[in-house]
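Subject: Structure for your review

Dear colleague,

Please find below the structure that I am handing over to you. My findings follow it.

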Amino acid sequence: MRSAVSLDPASLSFSSIGYISLLLVVVIGFGSSELLLLLSQHAWRRSSTAEVIHPFAPCSDDICPGGPLFSNLVDSSLLLSLTRNVDVYCPPRKRPRVTAPLIFRAGEKIADEKLQRSIDTLPEECLFEILRRLPGDKERSNSACVSKRWLMLLSSIRSSEIAQKKPSVESVKKPVPDLNKDCALDEHESENNGYLTRRLDAEEATDIRLASIALGTYSRGGLGKLFVRGSNSTRLTDVGLSAIAHACPSLHVLSMWKVPLITDAGLSEIADGCPLLERLDLCQCPLISDKGLMAVAQKCPNLMSLTIDSCSSIGNEGLQVIGRCCPKLKSVSIKDCLHVGDRGIASLVSSASSSLERLKLHTLNISDISLAVIGNYGKNVIELSLIGLQNVGEKGFWVMGNTLGLQKLRSITITCCGKLTDRGLEAIAKGSPFLKHLSVHKCYYLSDDGLKAFAETARALESLHLEDCNRITLMGVTALLACNSELKSLALVRCLGLKDLAFSPTRLPSCVSLTSLTIRDCPGVTGASLQVVGRICSQLQKIDLSGQAGVTDASLIQLIGSSEVGFVEVNLCGCVDLTDDLVTLLVKAHGSTLKMLNLNGCKKITDRSLLAVADSCSMLDDLDLSCCSVSDYGVAVLASARQLNLHVLSLSSCSKVTQKIVPFLGNLGKSMVGLNLQNCSLISTHGIVLLEEKLWWCDIIS
């Protein structure tokens with residue numbers, strides 16, 4: 001409830017008498033919308049210029065020296081004696097502006113001082129009563145332009161506090177339609193109801209900015225999505241968030257990243273004013289605790305997605321209430337929350353078991369108990385991520401799989417869980433018969449035996465990503481390929497146990513389903529292993545061998561010639577021993593399908609490769625030639641090729657590319673969206689400016 005208005009007439013300045021009179025007329029019911037507009041317009045004029053009235057200028061008898069109002073200001077009955085027949089508006093009279101001191105009575109002088117503006121003397125309670133009676137959204141928006149004070153006060157008015165104008169007999173009548181009026185604007189605004197989106201970064205996120213957005217979008221239903229990406233210097237507080245809560249009842253997405261001054265009070269305002277909220281992201285909000293989270297849970301039953309990242313004050317109690325009060329909750333991600341433990345996770349998962357589909361737990365102080373609850377109650381979970389759970393052991397993974405509750409699980413990611421063993425991985429495969437995607441990072445106890453046992457059970461597996469699993473060898477990978485006929489994507493990254501076999505297997509598996517192969521930063525994999533891959537993988541479309549410094553032309557010839565469908569993406573970044581002969585062979589064999597070619601760091605690549613690309617590649621849209629030995633001639637031929645429609649071209653650190661290439665790059669065409677010329681020291685700043693003018697639609701990095 002707003003506090004009652006308490007005024008001391010003796011303390012009112014001379015310039016505020018007229019405003020208080022108008023206010024009282026409005027409050028006791030004698031005012032009109034025209035009167036309110038007059039007040040806001042007059043306040044605007046008065047706030048722009050402080051004027052001193054000559055003491056002997058003609059004025060009203062009531063407020064001149066000796067008049068009833070002037071002589072007895074304490075008698076408030078003189079102000080309240082207005083009736084319905086009194087017209088409080090008087091035409092303005094010309095009064096000379098002087099700088100002389102103001103004289104009230106003969107011989108009496110007051111020291112020359114600045115008069116306080118009437119807009120500042122009016123109490124907020126009075127101003128609130130006036131502003132909430134403004135007749136429409138346009139009038140409220142215009143009034144918000146008077147001052148920051150009016151803006152913040154208008155943004156604090158709830159929808160329920162806006163006075164509704166009583167309809168007159170004339171207003172009830174159906175108006176005659178104006179055929180000359182364009183109705184497209186109204187239709188557009190009605191379609192925008194709750195679908196407007198605003199994104200604020202760093203210093204843009206302030207209370208004033210949010211208040212302006214709230215008032216500006218109020219007439220179109222308010223914001224539907226608000227994303228705030230702040231910083232340590234962001235000054236956004238609960239005041240700005242409250243303005244959004246008051247004006248945007250249709251808000252369904254709120255994402256706040258690194259907003260250190262937002263507290264439970266601001267989040268509670270969102271819960272009160274935005275009951276349709278469906279997604280809430282809180283990242284690095286240290287002052288938000290379980291209290292704010294519980295307010296959202298109790299008043300936003302439509303909540304479907306919750307992300308909590310590095311919120312040190314949030315613990316188990318908030319998650320428990322979220323699980324009980326949000327029956328539509330589908331996605332939960334919790335990261336780096338020190339006070340979240342087994343009690344909060346277990347309660348959340350068990351309470352939301354009927355709806356929860358995606359669960360991500362990152363660096364939490366939970367144990368095997370949480371994994372057991374997930375395995376038992378995660379009946380609808382289709383995507384599970386377990387990252388950095390140092391207190392979870394082999395028993396937790398084994399129980400999670402053997403409870404047979406993850407029947408709908410399609411994708412699981414396990415990262416930095418050092419106690420995952422072969423036994424645990426096999427149990428996960430048994431408990432998730434429809435698992436399609438498995439990603440394992442930095443699990444050092446996983447070996448070939450576990451990979452083989454997993455492959456024999458997970459027959460529906462389509463994608464496997466192994467990273468920093470050093471006990472995995474090519475024997476385990478071969479067993480996986482032999483057991484699984486549905487595998488489409490295989491990625492092996494920094495697996496130091498992968499080395500060329502000293503002998504060739506007697507029986508090689510057939511991998512007709514494999515379309516994507518990544519072997520990255522595995523120094524033990526060289527030509528012999530890649531030749532075997534070329535013999536067994538005939539349907540490859542995407543190949544990534546970045547960081548394989550031991551790869552040569554001879555080791556890839558078999559692989560290039562074995563593909564029956566044509567390569568689409570080829571990443572050879574860091575393969576320093578590759579030459580123009582291989583690139584020429586590659587583009588001639590797959591030029592009609594190739595869309596992405598990365599030759600970054602291949603220092604032996606020269607203009608001859610560019611001539612082959614310009615001649616054979618008709619579908620290429622992404623080409624990376626960074627650190628290659630190409631010159632102006634090769635780039636000019638490439639830029640002049642009519643059949644090419646490149647979207648992205650990188651020439652970073654190409655030391656032989658000079659200023660002469662600028663006119664040719666300017667003719668690359670409308671399809672270009674990205675051009676990288678970093679560390680091209682022979683291209684001047686003036687040349688870059690000319691390119692930016694010629695390719696104004698293209699993002700040029702220099």
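How do the residues of the lining of the second largest cavity divide into nonpolar, polar and charged? They divide into 10 nonpolar, no polar and no charged. Before I describe that cavity further, please note that this is a predicted model.

Overall composition

The protein has 28 helices and 20 strands. Of its 702 residues, 48% count as buried. Among the contacts in the protein with a separation of 6 or more, 81% are between residues 24 or more positions apart.

The second largest cavity

The count of cavities of 30 Å³ or more comes to 4. The second largest has a volume of about 60 Å³. Its lining consists of Ile543, Leu545, Leu556, Leu559, Ile560, Phe567, Val570, Leu572, Leu582 and Leu586. Helices H23 and H24 each supply at least two of these residues, and H23 gives the most, with 3.

The helices around this region

Helix H22 (residues 527–536) packs against helix H23 (residues 553–562) at an angle of about 10 degrees, and their axes are 8 Å apart. That angle makes H22 roughly parallel to H23. On the H22 side, the contact involves Gly527, Leu530, Gln531, Val533, Gly534 and Arg535; on the H23 side, it involves Ala554, Ser555, Leu556, Gln558, Leu559 and Ser562. By class, the residues of this contact are 5 nonpolar, 6 polar and 1 charged. Leu556 and Leu559 of H23 thus appear in the contact with H22 and also in the cavity lining.

In helix H24 (residues 580–590), the buried residues are Asp580, Leu582, Val583, Thr584, Leu586, Val587 and His590. Their cover includes H23, strand E15 (569–571), strand E16 (596–598) and helix H25 (607–616). Two of these buried residues, Leu582 and Leu586, are also found in the lining of the second largest cavity.

The axes of H24 and H25 come within 9 Å and cross at roughly 5 degrees; the two helices are therefore roughly parallel to each other. H24 contributes Asp580, Asp581, Val583, Thr584, Val587 and Lys588 to the contact, and H25 contributes Arg608, Ser609, Ala612, Val613 and Ser616. This contact has 4 nonpolar, 3 polar and 4 charged residues.

H25 in turn has Asp607, Ser609, Leu610, Ala612, Val613 and Ala614 as its buried residues. What covers them includes H24, E16, strand E17 (622–624) and helix H26 (632–640). Ser609, Ala612 and Val613 are buried in H25 and take part in its contact with H24.

A further helix pair

Helix H19 (residues 422–431) and helix H20 (residues 448–457) have axes that come within 8 Å and cross at roughly 5 degrees. H19 and H20 are therefore roughly parallel to each other. Asp422, Leu425, Glu426, Ala429 and Lys430 of H19 meet Asp449, Gly450, Ala453, Phe454 and Thr457 of H20. The residues of this contact divide into 4 nonpolar, 2 polar and 4 charged.

Individual residues

Aspartate 207 is found in helix H11 (residues 207–218). Is this residue buried or exposed? Aspartate 207 counts as buried because its relative accessibility is 15%, the cut-off being under 20%. Leaving aside residues up to four places away in sequence, aspartate 207 touches Met152, Arg235, Leu236, Thr237, Val239 and Gly240. One of these contacts, leucine 236, is 29 residues from aspartate 207 along the chain, and their C-alpha atoms are separated by 5.4 Å.

Two residues that are not glycines have a positive phi: arginine 494, at about 50 degrees, and aspartate 521, at about 55 degrees. Arginine 494 is found in the loop between strand E12 (489–493) and strand E13 (516–520), and aspartate 521 lies in the loop between E13 and H22. Arginine 494 counts as partly exposed, at 32% relative accessibility. Aspartate 521 is also partly exposed, with a relative accessible area of 32%.

With kind regards

Definitions and conventions: Residues are numbered from 1 along each chain as its sequence is written. This is a predicted model: local features need pLDDT of at least 70, side-chain atom pairs count only at pLDDT 80 or more; totals for chains, interfaces and linings use all residues. Side-chain values use heavy atoms; hydrogens and water are left out. Axes are lines fitted to C-alpha atoms, for helices over the stretch in contact, and angles run from 0 to 180 degrees between N-to-C directions. Helices (H or I, at least four residues) and strands (E, at least two) are DSSP runs, numbered from the N terminus. Angles under 35 degrees count as roughly parallel, over 145 as roughly antiparallel, 65 to 115 as roughly perpendicular and the rest as oblique. Contact means heavy atoms within 4.5 Å. Ala, Val, Leu, Ile, Met, Phe, Trp, Tyr, Cys and Pro count as nonpolar, Asp, Glu, Lys and Arg as charged, and the others, Gly among them, as polar. Buried means under 20% relative accessible area, exposed over 50%, partly exposed in between (1.4 Å probe, protein chains only). On a 1 Å grid over the protein atoms alone, a cavity is a set of points where a 1.4 Å probe fits but cannot get out, and a pocket is an open set with protein on both sides within 12 Å along at least five of seven lines; lining residues have an atom within 4 Å of a point. Grid points are joined across faces, edges and corners, and a volume is the space filled by probe spheres set on the points.
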